[in-house]
Amino acid sequence: MKIMKKYSLVLNELSSLVDKIDDNEINSLVNSIITAGHVFLAGAGRSGQMINAFANRLMHLGLSVSVVGEISSPHSRKNDLMIVGSGSGETQRLINQVKIAKNNGVYIALITAAPDSTLATLADYVLTIPAGPSAQPMGSLFEQASLLTYDSIVLSLMANLNETSQTMKERHADIE
């Protein structure tokens with residue numbers, strides 16, 4: 001199979017998910033982000049890389065955000081929000097972090113391919129990306145779809161928060 005046919009296969013798999021993601025789940029997540037005092041984000045592996053990109057855009061929107069485990073991450077407070085990206089919903093480190101956050105009164109939002117997972121049972125909000133069987137290896141479809149979902153959420157937040165690419169760019173790092 002030629003490379004561009006594989007590229008088309010990836011795009012077709014991603015496109016097949018568009019109508020399978022619940023708008024109500026996305027809207028609940030958007031509203032929870034808007035009302036949160038501080039947003040913590042966590043993930044592991046490639047899912048963690050995708051959520052780090054989401055954290056970056058939330059910061060560009062002017063929101064108070066941090067990635068769990070970073071040295072500059074603040075103490076959690078009641079009514080903060082922790083967003084976790086986990087395809088399996090079973091990563092033990094994330095489960096432990098979520099339990100600590102819940103004990104501190106933090107709301108939990110999970111983006112997952114496994115709505116019946118351990119993390120889903122702990123979450124206040126679950127956004128399911130039904131990235132089931134795939135021709136791609138090891139959760140790649142979930143990881144790709146989660147990044148596109150995060151970028152779609154950013155577009156929604158931009159509208160809700162009256163932000164533009166220009167206002168966001170003003171918050172972009174300048175010491176690089």
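**Figure 1. An open sheet of five strands.** In this predicted model, 5 strands form an open sheet in the order β2-β1-β3-β4-β5, and their pairing is parallel. At the edges sit β2 and β5 (125–128), each of which pairs on one side only. Direction ignored, neighbouring strands in the sheet are turned by 20° against each other on average.

**Figure 2. A look at β4 and β5.** These two strands run parallel and are joined by 4 bridges. Try finding L110: its bridge partner in β5 is V126.

**Figure 3. Helices on the sheet.** Here α2 lies across β1, β3, β4 and β5, and runs at about 135° to β5. Packing on the sheet as well, α6 touches β3, β4 and β5, and its direction makes about 130° with that of β4.

**Figure 4. Where α3 meets α6.** Two packed helices are described by the angle between their axes and the distance between the axes. For α3 and α6, the angle is about 10° and the axes are 9 Å apart. Angles under 35 degrees count as roughly parallel, and α3 and α6 are therefore roughly parallel to each other. Among the residues that meet are M50, F54 and L58 in α3 and F142, Y150 and L157 in α6. By class, this contact of α3 with α6 has 11 nonpolar, 3 polar and 3 charged residues.

**Figure 5. Inside the largest nonpolar core.** This core has 34 residues, and those with the most contacts inside it are I33, L41, F54, L58 and I83. The largest share, 8 residues, comes from α6. Leaving aside neighbours within four places in sequence, L41 is in contact with several residues, including I51, F54, L58, V65 and I83. Apart from this core lies another, of 15 residues, among them L94, A120, L122 and A123.

Methods: Residues are numbered from 1 along each chain as its sequence is written. This is a predicted model: local features need pLDDT of at least 70, side-chain atom pairs count only at pLDDT 80 or more; totals for chains, interfaces and linings use all residues. Side-chain values use heavy atoms; hydrogens and water are left out. A nonpolar core is a set of buried Ala, Val, Leu, Ile, Met, Phe, Trp, Tyr and Cys residues joined through side-chain atoms within 4.5 Å. Buried means under 20% relative accessible area, exposed over 50%, partly exposed in between (1.4 Å probe, protein chains only). Contact means heavy atoms within 4.5 Å. Axes are lines fitted to C-alpha atoms, for helices over the stretch in contact, and angles run from 0 to 180 degrees between N-to-C directions. Angles under 35 degrees count as roughly parallel, over 145 as roughly antiparallel, 65 to 115 as roughly perpendicular and the rest as oblique. Ala, Val, Leu, Ile, Met, Phe, Trp, Tyr, Cys and Pro count as nonpolar, Asp, Glu, Lys and Arg as charged, and the others, Gly among them, as polar. Two strands pair if DSSP finds at least two bridges between them.
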